[in-house]
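Subject: Structure handover

Hi,

Here's the structure I said I'd pass along. Have a look at it first, and then read on for what turned up.

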Amino acid sequence: MPTRIRWIAAAVALHSLSALAQNYPSRPISLVVPFPAGGTTDVLARALGQELSKSLGQPVIVENKPGAGATLGADYVAKSKADGHILLMGAVHHTIATSVYKKLPYDFQKDFAPITTVALVPNVLTVNPQLPAKSVKELLALAKAEPGKLTFGSNGNGTVQHLIGAQVEGMAGVQLLHVPYKGSGPLTTDLLGGQITMSFDTITPVLQHIKGGKLRALAVTTAKRSSALPDVPTLDEAGLKGFDLGTWFGVLVPAATPKDVVLRLNTEMVKIIHSPDFRKKMDDIGAEPVGNSSEQMARQIKDDTERFAKLVSAAKVSVD
């Protein structure tokens, strides 16, 4: 192709992208949550979507597409039209899935363009009050006395809750029975009903039940205590030295989405996340708002993918 024709083609393509960005959004936006309704991912998506609808002038519709440790929803978005009208509420789970699943139909780093990290949420070791253990030490003693009998639920194979449970097993020298769920909603229901012994879920879906005495929090999994549960120790304080795992949530779009659209979405979302009203909502559910740049989120994904690959290998967690 002659040089002049290539320049003309490039100019036409650039003009088309600019026109797309100027007209964006031209229809309702779908914000895909790869878990059922009721969990932290869903709660954050609805809080963000409500404000984003106002700033963009188009409805933001939350779509729940759960399954396979959050990978089904991610795959749906990865293969969607890259025009900024279909977004993914992603999470740290997706950086873990890269190592846990032997065959993923997408590449989380190559097939998505990060927009911004919405919030960080600590995970908490929670048990049904019927269990006699009132501390991590007592819980681990029960686990050692009856190997494989105590159960822990997660949001699915390869999620951070699954990895936290495996990490606890390895560090404490105990054997627990993993029970995967499609999300926090059904997991919390079974934990309240006593069908499972414990969970390592994020604070959001269990906070009201902990405060109401229906569930007992034994420890948070991050290096520092949660402001939502200041009296609950960390796993590090409880004897598992150096334990530090939590959950972040952020928005992504298909990789080929025009940069102008990515910038527009980042600008609007960061403004929302840093607003006093949104911060108040995050405080109420035990979340810490972030609102960073696309580049910062990309580095976070890269670093976590490498970090969790080592943890997954050490814990021998895998899904066919």
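Let's begin with a salt bridge: Lys-79 pairs with Asp-75, and their closest N and O atoms sit 2.4 Å apart. Before you read much into that distance, keep in mind that this is a predicted model. The two partners differ in how much they show: Lys-79 counts as exposed because its relative accessibility is 55%, whereas Asp-75, at 18%, falls under the 20% cut-off and so counts as buried.

Asp-75 also brings us to helix 3, since it is one of the buried residues there. That helix spans residues 71-78, and 6 of its 8 residues are buried, so "mostly covered" is a fair label. Besides Asp-75, the buried set holds Thr-71, Gly-73, Ala-74, Val-77 and Ala-78. What lies over them? The cover includes strand 1 (29-33), strand 3 (86-91), helix 4 (92-100), strand 4 (112-122) and strand 10 (246-254).

If you want a single residue to look at in that region, try Val-32, which lies in strand 1. Val-32 has 0% relative accessibility, so it counts as buried. Leaving out residues up to four places away in sequence, Val-32 touches Glu-63, Lys-65, Gly-73, Tyr-76, Val-77, Ile-86, Leu-87, Leu-88 and Met-89. Gly-73 and Val-77 in that list are among the buried residues of helix 3. For a distance to check your loading against, the C-alpha atoms of Val-32 and Ala-97 are separated by 18 Å, with their positions 65 residues apart along the chain.

Back to the charged pairs. How many salt bridges are there by this rule? The count comes to 12. One of them joins the side chains of Arg-27 and Asp-83, at 2.8 Å from N to O. This pair ties together distant parts of the chain, 56 residues apart: Arg-27 is in the loop between helix 1 (3-22) and strand 1, and Asp-83 is in the loop between helix 3 and strand 3. Arg-27 counts as partly exposed because its relative accessibility is 36%, while Asp-83 is down at 5% and therefore buried.

Another salt bridge stays within one helix. The side chains of Glu-51 and Lys-54 meet at 3.4 Å, N to O, and both residues lie in helix 2 (residues 40-56), 3 residues apart, or about one turn of the helix. Glu-51 is partly exposed, with a relative accessible area of 22%, and Lys-54 is exposed, at 60%. The pair doesn't stand alone, either: Glu-51, Lys-54 and Lys-281 are linked in a network of salt bridges.

The last stop is strand 5, residues 124-127. Which way do its side chains point? Val-124 and Thr-126 go one way, Leu-125 and Val-127 go the other, and all of them are buried. That fits the general picture, as side chains in a regular strand alternate between the two faces of the sheet.

Strand 5 has pairing partners too. With strand 9 (residues 216-220) it runs antiparallel, joined by 4 bridges, and Val-127 has Arg-216 as its bridge partner there. With strand 8 (residues 198-199) the pairing is also antiparallel, over 2 bridges, and here Thr-126 stands opposite Ser-199.

That's the tour. Shout if anything looks odd when you load it.

Cheers

Technical notes
Residues numbered from 1 in each chain as written. Predicted model: local features only at pLDDT ≥ 70, side-chain atom pairs only at ≥ 80, totals over all residues. Heavy atoms only, no water. Buried < 20%, exposed > 50% of the residue type's maximum accessible area, 1.4 Å probe, protein only. Contact = heavy atoms within 4.5 Å. Pairing = 2+ DSSP bridges. Salt bridge = Lys/Arg side-chain N within 4 Å of Asp/Glu carboxyl O.
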